[in-house]
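Please walk me through this structure, moving from the chain as a whole to one helix pair and then to two serine residues.

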Amino acid sequence: LNFVKNIKYKKTILFSLSTVTGLALYTKIQKQRKSKFYDSIQQNKKLEYPTREEQIRELQNEKTVFDVLIIGGGATGCGTALDSTTRGLKTAMIERYDFSSGTSSRSTKLIHGGVRYLEKAFLNLDMEQFNLVIEALHERANFLKIAPHLCTQLPIMLPIYQWWRVPYFWAGSKMYDFLAGKRGLKSSYFLSKERSLERFPMLKEEKLVGSVIYYDGQQNDTRMNIALALTAAAKGAVVANHVELIDFIKDDDGKIIGAHVRDNITKEKWDINAKCVINATGPFTDGIRKLDETDAKDIVIPSSGIHVVLPEYYSPQGMGLLDPSTSDGRVLFFLPWKGRVIAGTTDAPTKITPHPEPTEEEINFILGEIKNYLNEDINVRRGDVLAAWSGIRPLVKNPNATDTQSVARTHMVLVNDKSKLVTIAGGKWTTYRAMAEDVVDKAIEVCDLKPKNGCVTEGLKLIGSHNWTPTMFIRLIQTFGFEKEVAVHLSSTYGDRAFEVADYTKMTGSRWPLVGIRLSDELPFIEAEVKYAIKEYARTATDIISNRTRLAFLNVQSSLESVPKIVTIMAKELNWDKDRVKEEIKSVSEFIETMGLRARQKAKIGLSHNFTDNEIKQYKKVFSKFDYDNDGHITVLKLKNVLQYLNQDVAINELHELIDEVDLDNNGSIEFDEFLQLMYSLKTGNVANNRFGHIASTLQKEIDVDRSGG
């Protein structure tokens, strides 16, 4: 640039050239990075799966006769589809809702042999329980191998408060390790009281003598279920969600030769021809069996188990907790999961319903059990419950057993001798693969099928796992410009398919992150996942909010706030009209209510029944002492004025803490129903050492004097 005489112009030209060169180099590097990553992904193009529309067309082909038709798209159904198609059998699988929409999405998220089953096996000399533990420990290792992005090891603490229990729990954990053999996880070990409190600072210190740490697996259950479905589709199975069985088609001898079905999205109906039908519908097993044979004896004993989701500060992120003996005799897990904490579960008889709901009593039971193990610094509040769900566990009994009360903890394969309907029921998430293997073996035997090979699902990697590494999130950050939390989420949810999700992202318009517009500020789910979920066969907003993302399972309030965004994106992608949009908003909102919202609302409505009319009047007077401007809320400023009225001087940070003790909605103020909830807790003794309650009681005494005419 010697020909340029003006120094100012020379600097401007140099700056422009350097900027253009830099951008060109950046673009080239980005292309090279993406090309490298996509080259590795191209290696798995054989694992690409057809679109849902293509799958539906194949199901509607009158000339097609499937070897196996599976009813049910939960863990067992999808696992069975994968087992069947990889044996060379022409396989179809239908699910009336979405994949993993039932029990399979509502687990404790553990992949475990079952420490409580092991204890019962020894105490009751129960060989069935012992064999279940052996089988489950074997399958646990398989999970970690076939889907390492969805499954991890998790240390779980058994706190010990009596010295004599130390050798008991230590020996039990070592036996658990021993039974796992070479396929075991990290070894269990004992921690002193001091070390236990270092690892789990929230733990109650009083009378603690130490703890035993053992390892189990943890998974993202619904995403694991979807990975099974998509892998089965990629291997040749024809799988379709939102397709419902209406009736069986039988020949003159009463043998099932197909099914009459309906697409619940388009309302189309058609017939599917099949040599063998497998019933893998979990809690709904008996309904399908009675569709085949009206007088079939029930084999399912439905049991409900609820879980609550709490903020991350309830537990260290790298450590779970196990209460080995709750007040009702069950164990209670307290586990970090997806940046939150899961606590559960209960065990109670229940009715079978597509969308079970937790009750307020069940939620309060879980919270009450949690209090027994946490120190006084943690005020276990109903308002901290971010979500709560109920799942139906399909325990089974042998219909031919003389003892009708005997319940099998393992799975059961039944065959109708006349229709040849094959039913798989019972078992647990961890043993889905073994269940699938057993039921396909039986289908081959009963229906005289001709597989090309035996079972090959052990060690068979699922979609997303082939090129995944634990540090893949860094490549997502550097390649696309995601923020770390979002990149970690995408990597641990989609595995090496996270790069495909990234292709759907839009620029944020911010300096950082460059891409990845969130559905909710509180959680790492992004808008691009909605579009990608449609590729994964999602067809309703509930599919997105429950199964493709885990919004509804992590925070129901964030779910509600995300609904407009999700529905808007889906409406554009799937060409929904205004009526369909309204229908989706109504439907998904009703679903979110079942995730803990309705229980809360019922509790508020029913709370007044715990007081007499006079008591409610007095509490309203107490509330009005705080709410002097009559707007229905108690704020920090109002609380300060009341305390001045009582001649108490409290710092502003303590005022906020006082509000937080009672603020169930976490909105920074207290409403009358929240105030009434506190008064009821004080009345029944469920809340102790509550400073706000003490102030309210003081005001109530003053009002009582006025009421008596003093």
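The paragraphs below take up the chain, a helix packing and two serines in turn.

This is a predicted model, in which local features need pLDDT of at least 70 and side-chain atom pairs count only at pLDDT 80 or more, while totals for chains, interfaces and linings use all residues. Residues are numbered from 1 along each chain as its sequence is written, and side-chain values use heavy atoms, with hydrogens and water left out.

The chain has 24 helices and 20 strands, which are DSSP runs numbered from the N terminus, with at least four residues for a helix (H or I) and at least two for a strand (E). Of its 710 residues, 54% are buried, a term that stands for under 20% relative accessible area, with exposed meaning over 50% and partly exposed in between (1.4 Å probe, protein chains only). Among the contacts in the chain with a separation of 6 or more, 71% are between residues 24 or more positions apart, where contact means heavy atoms within 4.5 Å.

Helix H3 (residues 75-85) packs with helix H8 (residues 221-234) at an angle of about 25 degrees, and their axes are 8 Å apart; the axes are lines fitted to C-alpha atoms over the stretch in contact, and angles run from 0 to 180 degrees between N-to-C directions. H3 and H8 are therefore roughly parallel to each other, since angles under 35 degrees count as roughly parallel, over 145 as roughly antiparallel, 65 to 115 as roughly perpendicular and the rest as oblique. On the H3 side the contact is made by Ala75, Cys78, Gly79, Ala81, Leu82 and Thr85, and on the H8 side by Asn225, Leu228, Ala229, Thr231 and Ala232. These residues divide into 7 nonpolar, 4 polar and no charged, with Ala, Val, Leu, Ile, Met, Phe, Trp, Tyr, Cys and Pro counted as nonpolar, Asp, Glu, Lys and Arg as charged, and the others, Gly among them, as polar.

Serine 101 is placed in the loop between strand E2 (91-95) and strand E3 (110-111), and serine 101 is buried, with a relative accessible area of 17%. The side chain of serine 101 reaches the backbone oxygen of aspartate 98 at 2.9 Å. Apart from neighbours within four places in sequence, serine 101 is in contact with Glu95, Arg106 and Asn547.

Serine 520, in strand E19 (residues 518-520), is buried with a relative accessible area of 6%. Leaving aside neighbours within four places in sequence, serine 520 is in contact with Phe525, Leu551, Ser558 and Ser562.

Methods
A polar contact is a pair of N or O atoms within 3.5 Å; within protein, one must be able to donate a hydrogen and the other to accept it, and residues adjacent in sequence count only if both atoms are side-chain atoms.
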